[in-house]
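Reader: I have a model open on my screen and would like to learn how to read it. Could you walk me through a few features?

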Amino acid sequence: ATTQAEPHIITMIRSCKKLVLLACLLMAGLTDLTFGATVVNTVVSTGSGASSKINRGEQVITLTSRNFDSNVTDGSKWLVEVYAPWCGHCMRFVSSYEEVARRLHAKNEEREEKGERKIKVGKVDGSKETAVNSRFGVAAYPTFFLIDGWNVYEFDMERTVSNLINFAEGGYKDSTAMPMLTSPMGPLGQMQGLFLRFAMWGVSIFEGLSGKFGPMLAGIILCGGFVFTSMIGMIALALAITPKTKVD
């Protein structure tokens, strides 16, 4: 049976997680508090135990905050839809997008034989995966992007099966790539992805310590460990850049 104290304990653990994660992100050098709060809420809501694996049997590959970067950097081109489950346009286009994925994936073996890169089709629930959504700056659902290495192109034509396939197979080259600095795969986007992975790692350690020492003590240990590590790093850096006195 669930006791009345259990909901309060769960709330306390989540609050501790958020404080610990935000402290870790700040110590790691994150200065964008808005994005920091987004990362924290994403990690706490999904949990470190959430699966980062993808179901290879599905036509449209589900991408999450945990598996996004590891998958879209696998050397393939990626057509990605950012959608929301409550969006009527998104839901009406589900079967059509499955058809896009089926037809593009069916040609991947042929592309490999020709020495060309595969084209993979994925989707991100922008209402849930807010950390990924913020990297793309999506203002309306659904929005489609073609990720070609470091370059990201936004689809801006009529939303049809043929248009999306043509866009993914090379039509995107007629569009202008998003500016590298603000691109989801550019320096800022990569840094945001790094902070997210760092946060996932931090909450994984926190959950392990919580099982042994409780959430409060786990938070103190984790933050103390990061402070100690940061101090050692700064001391090492200071010693490395301090000019050595020459002795004649």
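Reader: Let me start with a helix. What covers the buried residues of α5?

Author: Happy to help, and please keep in mind that this is a predicted model. The cover over the buried residues of α5 includes β2 (77–83), α6 (108–113), β3, β4 and α8.

Reader: Which residues of α5 are buried?

Author: A general idea helps here: an α-helix has 3.6 residues a turn, so residues three or four places apart point the same way. In this model, the buried residues of α5 are Y97, V100, A101, L104 and H105. They are on the same side of α5, because the arc they cover around the axis is only 115°.

Reader: And which residues are exposed on the other side of α5?

Author: There you will find S95 and A106, which are exposed.

Reader: How far apart are the end C-alpha atoms of α5, and what span should its residues give?

Author: Counting 1.5 Å a residue, the 13 residues of α5 should span 18 Å, and the end C-alpha atoms are 18 Å apart, so the two values agree.

Reader: How do I read a core? Which residues touch the most other members of the largest nonpolar core?

Author: In soluble globular proteins, nonpolar side chains tend to be buried together. Here the largest nonpolar core has 19 residues, and L79, Y97, V100, L104 and L164 touch the most other members. Two or more residues each come from α5 (94–106), β3 (119–125), β4 (143–148) and α8 (161–168). The element that gives the most is α8, with five residues.

Reader: What does Y97 touch?

Author: Leaving out residues up to four places away in sequence, Y97 touches V60, L79, V80, E81, V121, G122, K123, F144 and L164. There is also a second, separate core of 15 residues, with W78, V80, V138 and M185 among them.

Reader: Now a polar residue. Is S65 buried or exposed?

Author: S65 lies in the loop between β1 (61–63) and α3 (68–72). Its relative accessible area is 6%, and because buried means under 20%, S65 is buried. The S65 side chain makes a polar contact with the side chain of E129, at 2.6 Å. The C-alpha atoms of S65 and N133 are 9.2 Å apart, although 68 residues separate them along the chain.

Reader: Where is S76, and which residues is S76 in contact with?

Author: S76 sits in the loop between α3 and β2. With a relative accessibility of 7%, S76 counts as buried too. Setting aside neighbours within four places in sequence, S76 is in contact with R117, K118, K120 and I147.

Terms used: Residues are numbered from 1 along each chain as its sequence is written. This is a predicted model: local features need pLDDT of at least 70, side-chain atom pairs count only at pLDDT 80 or more; totals for chains, interfaces and linings use all residues. Side-chain values use heavy atoms; hydrogens and water are left out. Helices (H or I, at least four residues) and strands (E, at least two) are DSSP runs, numbered from the N terminus. Buried means under 20% relative accessible area, exposed over 50%, partly exposed in between (1.4 Å probe, protein chains only). A polar contact is a pair of N or O atoms within 3.5 Å; within protein, one must be able to donate a hydrogen and the other to accept it, and residues adjacent in sequence count only if both atoms are side-chain atoms. A nonpolar core is a set of buried Ala, Val, Leu, Ile, Met, Phe, Trp, Tyr and Cys residues joined through side-chain atoms within 4.5 Å. Contact means heavy atoms within 4.5 Å. The expected span of a helix is 1.5 Å times one less than its number of residues. The arc is that of the directions from the helix axis to the C-beta atoms.
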